[in-house]
Amino acid sequence: MRAKSKSWLLWLLLLLAAAEPAWSQRGSTRKTKAQLERERQTTLRRIKETSRILAQTQQQKQASVGQLNALKEKLTVQQSVIKDISSELRYIETDVRQTETQVQKTRQNLEQLKAEYARLIYAGSKTANGYNRLMFLFASASFNQFMLRLRYIRQYTEVRQAQAAQITHTQQRLSTQLVGLKEKQEEKGSLLNNQISEKKTLLTLKTQQDQVVTKLTQQEEGLRKELAAKQQAIGRLDNLIALRVREEIARAARAAARRAAAAAAARTTAAAPGRSPAATSRTPGTAAAEAAAEAAAERVDRVTLTPETAELAASFNENRGSLPWPVGKGFISQRFGRHNHPVLKNVVVENRGVDIQTSAGEPVRAVFSGKVLTVASVPGMNTIVMVQHGDYFTVYAKLRSVSVSEGQTVQARQTIGTVSTDAEGTSEVQFQVWHNSSNLNPENWLGRK
């Protein structure tokens, strides 16, 4: 009898352990779904921004490359929306399958519990009244057997009560699971409808893109003239940047040469106490050394750094991949390097930086602290601002207005001007990064937007 009662208790413990479904996985599912939701919200913000930019380009009746770029970006974002929905659907489908499995297991457990409970009731009915229980106890052959039988009756009662409670708990859990399953199925249906709607929007955008491409193809001669003018403007900008970089390299080198000559003169003065520093600095040997140093400085091909500018350059380099964007809103409409023209066939264009299409009047910000090296007007590029960060340089072109001046120190995210808008309604800023005379890909330096 004692062995039988222990087996009942062990069975109950195992049943209670197995009764709780493996919902711990749902925690990770919820976390992943929360991440997907954050990504979805980011995508929706991108759609809103791109739609506003596209609307500005569509105010002009004539199709433009800026309008085409905005449509391409919106198509890309729309595809991201559909991809996010597909990911959510996969998680929902997994949840539905897991919930269906848990419902089936819970139903099986409930049936087993009811069957076992029925057997307990049937067995207990034989000793249901107090007289039978007393007879069962007093029929014991010894006091020890009497105590064992008394303990069995108590354990039997506890087991029956626990099993009845477990049946109630399992029924409640089954009801909750069925409600959750229905909610997930409804969520799945809603996502499927959203996916269908977003795919229709995607088809509409593709149709609009094809229409713009067709219109632009009919304007091939105008596009070629526009491209030629743009290349001339880029050439002027390249020449200006190269000139200012060379001038800064030479200036820093001459300053370093003068510091070295001054240090040498100071050492000579220290070695000849009777001679004044002014007289020492005018000696033929010192003058020759200074001239030689300045001549060598002209052959330097990189900015000579002071301890302060070296620290600034090192800090700029450490922020590679995490610099803020020069504008708060927008998308990259033309990437760095060589690539095919979006409309003209067999035409390759080269970009020294990245073109970021944004909203009209959007503030343009410095991406890092530094000194304004140049503020100039370049035909075809409007106003440009060049900021020096040690031996690194950032260039901001196509500005309508500028709020800084040459020699001014600026901080990261400080507004330096506003973006210009061309006759076609396209608001675009060009951003470049240079290390001495080397042109770098800005996308490798900017952080995720």
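**Close-ups of a pocket and its charged neighbours**

**View 1. E248 and R251, a pair in helix α6.** E248 is buried, with a relative accessible area of just 5%. Keep in mind that this is a predicted model. Its partner R251 is partly exposed, at 39%. The two form a salt bridge, and their closest N and O atoms sit 2.8 Å apart. Where do the two residues lie along the chain? Both are in helix α6, three residues apart, which is about one turn of the helix.

**View 2. E220 and R224, another salt bridge.** Here the closest N and O atoms are 3.0 Å apart. Side chains with opposite charges can pair when their charged atoms come close. E220 and R224 are about one helical turn apart because they are separated by four residues in helix α6. Are these two buried, exposed or partly exposed? E220 is partly exposed, with a relative accessible area of 36%, and R224 is partly exposed too, at 40%.

**View 3. K398 and D355, a link between strands.** This salt bridge has its closest N and O atoms 3.9 Å apart. It ties together distant parts of the chain: K398 is in strand β8 (residues 392–402) and D355 is in strand β4, 43 residues away. Both K398 and D355 are buried. They aren't alone, either: K230, D355, K398 and E428 are linked in a network of salt bridges. Zoom out to the whole structure and you'll find nine salt bridges.

**View 4. The largest pocket, holding about 980 Å³ of space.** Which residues come closest to its centre? They are V65, N69, K230, Q334 and E428, out of 38 that line the pocket. Two of those names, K230 and E428, may ring a bell from the salt-bridge network in View 3. The elements giving two or more residues to the lining are α3 (65–125), α6 (220–271), β1 (331–334), β2 (337–340), β3 (348–351) and β4 (354–358).

**View 5. What the lining of the largest pocket is made of.** Sorted by class, the lining has twelve nonpolar, 15 polar and eleven charged residues. Which element gives the largest share? That's α6, with eight residues, and α6 is also the helix that holds the pair R251 and E248 from View 1. Domain 1 (33–217) and domain 2 (220–256 + 313–444) each supply at least three lining residues.

Notes:
Residues numbered from 1 in each chain as written. Predicted model: local features only at pLDDT ≥ 70, side-chain atom pairs only at ≥ 80, totals over all residues. Heavy atoms only, no water. 1 Å grid on protein atoms, 1.4 Å probe; cavity = no way out; pocket = protein on both sides within 12 Å on 5 of 7 lines; lining within 4 Å. Points joined across faces, edges and corners; volume = space filled by probe spheres on them. Nonpolar A, V, L, I, M, F, W, Y, C, P; charged D, E, K, R; others polar. Domains from an automatic or database assignment. Salt bridge = Lys/Arg side-chain N within 4 Å of Asp/Glu carboxyl O. Buried < 20%, exposed > 50% of the residue type's maximum accessible area, 1.4 Å probe, protein only.
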